[in-house]
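Trainee: I am new to this one. Could you walk me through it, please?
Mentor: Certainly. Let us look at it together.

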Amino acid sequence: MRNAFLAGAAVVLATAALAACGSSSGDGRGDGGDNAAEAPSGVSSGPVAGADAEPSGAASAGPRPSRGSEPPKIPTDRLTPATGTFTKKQKEYLTDRVPVGTDPAAVLQTGQETCARLDYLVKVDRDTAVGAVVTGEITGAQPAVAHLCPRHEDLVERASHGYADGVHRGAGLRPGRYRNVSPTADCTWEVTGPGGKVLASGSSHDGKRAALTIPGAALAFTSTGCYAWLPEGDNG
């Protein structure tokens, strides 16, 4: 099980390292987000990056809130920090993202912390960083990278073609070769086609990374205990 929870442990280490640096001044000044805020925050779970993915656990009860139920956002021309100014890129990140009554600098800090976590995980293991985005362990990566740390654009792009544990069907399936990240000793997978025919299946009970090929005829891909699957070669 030594490699079983590599990704999760690395994310926790990233958060701890940020916490040790102290809290951010929150004045919103910087070079567009490259100087990441240092106030600690936990890594929350988020939606799976792969399209049409179904969670392995029970779905949450109740209807999804409509966009009309969302709190009003602070207009762009009123996005100003208590002290200093926001850069153009920081303001672009904050646009339509700050609820009325919320400090814009606090929202900016969240994006900066996302960039800082990615910085740390890339140094530890690049695949682990991509896997953390795929599984939703690092949330809000796409907008944060687009406006605050574009150096990680290739990482987010690769994550958009990956799969987290769960069931993936239809448009969520992309034929190609994939390798998993930090599988547990109970990692299993199965690819099925028309009529439920098993096209590929396997397991990795030693915690070592494994590879699989999703053929063009695949209709469903199910992964359990494998954490995340990343595309290989031209597939990603």
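**A network of charged side chains**

Mentor: A network of salt bridges links Asp125, Asp127, Arg158 and Arg209. Please keep in mind that this is a predicted model.

Trainee: How do Arg158 and Asp127 meet in that network?
Mentor: Their side chains form a salt bridge, with 2.7 Å from N to O. Arg158 belongs to helix α6 (residues 153-159) and Asp127 to helix α4 (residues 126-135), so this pair ties together parts that are 31 residues apart in sequence.

Trainee: Which residue other than Arg158 pairs with Asp127?
Mentor: Arg209 also forms a salt bridge with Asp127, and the closest N and O atoms are 3.2 Å apart. This pair links distant parts of the chain, 82 residues apart: Arg209 sits in the loop between β5 (198-204) and β6 (211-214), while Asp127 is in helix α4.

Trainee: Are these residues buried or exposed?
Mentor: They fall in between. Arg158 is partly exposed at 21% relative accessibility, and Asp127 is partly exposed at 21% as well. Arg209 counts as partly exposed too, at 32%.

Trainee: Why do such side chains pair at all?
Mentor: Side chains of opposite charge can pair when their charged atoms come close.

Trainee: How many salt bridges does the structure hold?
Mentor: There are nine salt bridges in the structure. One of them joins Lys89 and Glu92, whose closest N and O atoms are 3.6 Å apart.

Trainee: Where do Lys89 and Glu92 sit?
Mentor: Both are in helix α2 (residues 88-94). Because they are three residues apart there, about one helical turn separates them. Lys89 is partly exposed, with a relative accessible area of 41%, and Glu92 is partly exposed with 30%.

Trainee: Changing topic: what about Gly131, buried or exposed?
Mentor: Gly131 is buried, since its relative accessible area is 0%. This glycine is found in helix α4, the helix that also holds Asp127.

Trainee: What does Gly131 touch there?
Mentor: Leaving aside residues up to four places away in sequence, Gly131 touches Tyr227, Ala228 and Leu230. In addition, the C-alpha atoms of Gly131 and Trp229 are separated by 7.5 Å, although the two residues are 98 residues apart along the chain.

Trainee: Now the strands, please. How do β4 and β5 pair?
Mentor: Strand β4 (residues 187-192) pairs with β5 in the antiparallel sense, over six bridges. Within this pairing, Trp189 stands opposite Gly202 in β5.

Trainee: What lies between β4 and β5?
Mentor: The two strands form a hairpin with five residues between them. In the turn, Gly195 has a positive phi of about 70°.

Trainee: What is the secondary structure of the whole chain?
Mentor: The protein chain has six helices and seven strands. Read from the N terminus, the order of elements is α-β-α-α-α-α-α-β-β-β-β-β-β.

Trainee: What share of the chain is buried?
Mentor: Of its 236 residues, 39% count as buried. The chain exposes about 11900 Å², and carbon and sulfur atoms supply 53% of that area.

Trainee: And what about contacts between residues far apart in sequence?
Mentor: Among contacts between residues at least 6 apart in sequence, 74% join residues at least 24 apart. Gly131 offers a local view of contacts in the chain, as this residue touches Tyr227, Ala228 and Leu230.

Conventions:
Residues are numbered from 1 along each chain as its sequence is written. This is a predicted model: local features need pLDDT of at least 70, side-chain atom pairs count only at pLDDT 80 or more; totals for chains, interfaces and linings use all residues. Side-chain values use heavy atoms; hydrogens and water are left out. A salt bridge is a side-chain nitrogen of Lys or Arg within 4 Å of a carboxyl oxygen of Asp or Glu. Helices (H or I, at least four residues) and strands (E, at least two) are DSSP runs, numbered from the N terminus. Buried means under 20% relative accessible area, exposed over 50%, partly exposed in between (1.4 Å probe, protein chains only). Two strands pair if DSSP finds at least two bridges between them. Contact means heavy atoms within 4.5 Å. Accessible areas come from the Shrake-Rupley method with a 1.4 Å probe; for residues, only the protein chains shown count as cover.
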